[in-house]
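Here is a short, friendly walk through one sheet and the helices around it. Keep the model open beside the text as you read.

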Amino acid sequence: MTLKAIEIFHDVEEKDIELLSDLEEAASRFEWIPEDRLSKIIDLPEQDIEYRLDRLNKFELVERGIAKYRGYRILPPGFDLLALNSLVQRDVLEAFGIALGIGKEADIYDAITPEEKRVAVKFNRLGLTFTRLKEKRSYRPKHGWIDASKKAARREFEVLEKIYPDVEVPEPIAFDRHVLVTGLIEGEELEEVAEIDYPEPVLDEILRNVKESYKLGIIHGDLSEHNVIIKPNGEVLIIDWPQWEPVTHPEADDLLRRDVKSILSFFRRKFQIERELETVLEEFEK
Ligand SMILES: Nc1ncnc2c1ncn2[C@@H]1O[C@H](COP(=O)(O)OP(=O)(O)OP(=O)(O)O)[C@@H](O)[C@H]1O
Ligand SMILES: [Mg+2]
């Protein structure tokens, strides 16, 4: 599956991007940008506005509302395109590749930088529900999805900058809008790894990283076997940090407890390793 914005990236013209950016700016004020406001918002002759909106509509970057919502709004691929365009302009990205992971809350694609470094591009989709139309996925945006998704990208970038490389996490490279770029990692989610020859040291290594990030003042907040990657050489990486909280958070103790508990439960269930939660928690230091 390719991403709509990637598919059409080279067919889109500069003027399309300009119009899309104008709509983006207005999107913070209107869920649907009323038709009669378009000429105020967009700095183009009326005929051109119609022509461009028609193009964007055909590309499925914007949607035309009818009846109660006479007007336009940007669809998720429109925001994807704006973010990709700006990452290309900023010399962060040069070419896009294939899907690495398509999930409920994010789509992850690989890409390369102008220096030919391989990176992962995470498109946040918080608060989007999607339906499958033929082979394609079509998102039904809920109002506010873009703000929630932008916040997630910014927060995850922020935390990676704080803890990389002391904690084993992907290298932070850049973010733009709802999109986060990190170093590409290889490996499998812990949950999917069929067998681990020596599970004890893997558990120890995960806990060592959780302690390291705690020492740096950070709690993951959504730790589980889905957010731990086992590299081909057996080393671990901890991913997916947008919901992190500082150790000064009023519920920090509960968040840490939940994170550690979820890992211990997985190792108990899958590998019959018994570790006492309270004993492990006592080993944490700020
Ligand atoms: N830097 C990366 N390099 C390679 N693959 C990655 C990278 N980051 C994430 N992935 C892949 O994408 C998957 C989902 O990533 P992540 O956990 O960060 O997103 P998520 O918000 O949980 O999305 P989902 O809703 O899909 O679970 C990971 O399990 C992994 O397979
Ligand atoms: Mg995840």
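In this predicted model, strand E6 (residues 118-124) runs antiparallel to strand E10 (residues 179-183), and 5 bridges link the pair. Two positions help you find the register: Lys-122 sits opposite Leu-180 in E10, and Val-119 has Gly-183 in E10 as its bridge partner.

On to the other partner of E10. Strand E9 is joined to E10 by 4 bridges, again in the antiparallel sense. Here Asp-176 faces Val-179 in E10. E9 and E10 make a hairpin with 2 residues between them, and Arg-177 in that turn has a positive phi of about 55°. How many residues of E10 are buried? The count is 5 of 5, so to speak of E10 as mostly covered is fair, given that buried means under 20% relative accessible area.

These pairs belong to an open sheet of 5 strands with antiparallel pairing, in the order E4-E5-E6-E10-E9. At its edges lie strand E4 (95-102) and strand E9 (172-176), each of which pairs on one side only. On average, neighbouring strands in the sheet are turned by 25° against each other, direction ignored.

Two helices lie against this sheet. Helix H5 (residues 76-89) packs on it and touches E4, E6, E9 and E10, with its direction at about 130° to that of E9. Helix H6 (residues 145-163) lies across E6, E9 and E10 and runs at about 160° to E9.

Now for the helix pairs. Two packed helices are described by the angle between their axes and the distance between the axes. The table gives both values for two pairs that involve H2.

| Helix pair | Axes come within | Crossing angle |
|---|---|---|
| H2 and H4 | 10 Å | roughly 90° |
| H2 and H5 | 10 Å | roughly 115° |

Helix H2 covers residues 14-27 and helix H4 residues 46-58. Their crossing angle makes H2 roughly perpendicular to H4. On the H2 side, Lys-15, Asp-16, Leu-19, Leu-20 and Leu-23 take part, and they meet Ile-49, Arg-52, Leu-53, Arg-55 and Leu-56 in H4. By class, this contact holds 6 nonpolar, no polar and 4 charged residues.

H2 also passes H5, in a left-handed crossing. Ile-17, Leu-20, Ser-21 and Glu-24 in H2 meet Gly-78, Phe-79, Leu-81, Leu-82 and Asn-85 in H5. This contact divides into 5 nonpolar, 3 polar and 1 charged residues. Leu-20 is worth a look, as it appears in the contact with H4 and in the one with H5.

Methods. Residues numbered from 1 in each chain as written. Chains lettered and ligands numbered in written order. Predicted model: local features only at pLDDT ≥ 70, side-chain atom pairs only at ≥ 80, totals over all residues. Heavy atoms only, no water. Pairing = 2+ DSSP bridges. Axes fitted to C-alpha atoms, helices over the stretch in contact; angles between N-to-C directions. Contact = heavy atoms within 4.5 Å. Parallel < 35°, antiparallel > 145°, perpendicular 65-115°, else oblique. Nonpolar A, V, L, I, M, F, W, Y, C, P; charged D, E, K, R; others polar. Left-handed = near helix turned anticlockwise from the far one by under 90°. Buried < 20%, exposed > 50% of the residue type's maximum accessible area, 1.4 Å probe, protein only.
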